Amino acid sequence: MCHEPIDMALPPGHRDAFTLDHLTPLSRGGDIDGPAEPAHRRCNSGRGDGRRARARAHPPTLLHW
Ligand SMILES: [Zn+2]
């Protein structure tokens, strides 16, 4: 994602560890086997300072409840 090298030996919880970033988020109907690219954990989750709290407790849906 950021085109920096990823150390595959890092433990999964490490902020620089390897993760797969799905181009279509699974939460938006993306396929688990769909297109994805490698990303650092810190780049994949958070995409910012990594402290983005769950700003939206209820993600937007197509249905009105
Ligand atoms: Zn990265």
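Helices are DSSP runs of H or I with at least four residues, strands are runs of E with at least two, and both are numbered from the N terminus. By that rule, R41 lies in helix α1. The model described here is predicted.

## Overall layout

The protein has 1 helix and 2 strands. From the N terminus, their order is β-β-α. Strand β1 covers residues 18-22. Strand β2 covers residues 36-40. Helix α1 takes up residues 41-44.

The chain has 65 residues, and 15% of them count as buried. Its accessible surface is about 5,800 Å². Carbon and sulfur atoms supply 55% of that area. Among contacts with a separation of 6 or more, 41% are between residues 24 or more positions apart.

## The zinc site

Which atoms coordinate the zinc ion? The donors are SG of C2, ND1 of H40 and SG of C43. Their distances to the zinc ion run from 1.9 to 2.4 Å. Along the chain, the donors follow the spacing C-x37-H-x2-C. Distant parts of the chain are linked here: C2 sits in the segment before β1, while H40 belongs to strand β2, 38 residues apart.

The donors can also be sorted by accessibility. H40 has a relative accessibility of 2%, so this residue counts as buried. C43 is buried as well, at 11%. C2 has a relative accessible area of 29% and is therefore partly exposed. The cysteines form no disulfide: the structure holds 0.

## Around H40

H40 is found in strand β2. What does H40 touch, not counting residues up to four places away in sequence? The list is C2, E4, P5, I6, R15, D16, A17 and T19. One of these, C2, is also a zinc donor. Another, T19, has its place in strand β1.

## T19 and its polar contact

Is T19 buried or exposed? T19 counts as buried because its relative accessibility is 12%, and the cut-off for buried is under 20%. The side chain of T19 makes a polar contact of 3.0 Å with the side chain of N44.

Leaving aside neighbours within four places in sequence, T19 is in contact with E37, P38, A39, H40, R41 and N44. Thus T19 in strand β1 touches both H40 and R41. H40 is in strand β2, and R41 is in helix α1.

## The salt bridge

How many salt bridges does the structure hold? There is 1. R42 pairs with D16, and their closest N and O atoms are 2.1 Å apart. This pair, too, joins distant parts of the chain: R42 is in helix α1 and D16 in the segment before β1, 26 residues apart. Side chains of opposite charge can pair when their charged atoms come close.

Both partners are partly exposed. R42 falls in that class because its relative accessible area is 32%. D16 does so at 22%. D16 is also among the residues that touch H40.

## R41 in helix α1

R41 has a relative accessible area of 32%, so this residue counts as partly exposed. Beyond four places in sequence, R41 touches P12, G13, H14, R15, D16, A17 and T19. R15, D16, A17 and T19 are also on the contact list of H40.

How far apart are R41 and D21, C-alpha to C-alpha? They are 8.9 Å apart in space and 20 residues apart in sequence.

## Backbone at H3

Most residues other than glycine have a negative phi. H3 is not a glycine, yet its phi is positive, at about 65 degrees. H3 lies in the segment before β1, as does the zinc donor C2.

Is H3 buried or exposed? H3 counts as exposed because its relative accessibility is 75%, and the cut-off for exposed is over 50%. H40, a zinc donor, is instead buried at 2%.

Methods: Residues numbered from 1 in each chain as written. Predicted model: local features only at pLDDT ≥ 70, side-chain atom pairs only at ≥ 80, totals over all residues. Heavy atoms only, no water. Buried < 20%, exposed > 50% of the residue type's maximum accessible area, 1.4 Å probe, protein only. Polar contact = N/O pair within 3.5 Å; in protein donor to acceptor, adjacent residues only side chain to side chain. Contact = heavy atoms within 4.5 Å. Donors = N, O, S within 2.8 Å, 3.2 Å for Na, K, Ca; no water. Salt bridge = Lys/Arg side-chain N within 4 Å of Asp/Glu carboxyl O. Disulfide = S-S within 2.5 Å. Areas by Shrake-Rupley, 256 points an atom, 1.4 Å probe, with all protein chains shown as cover.
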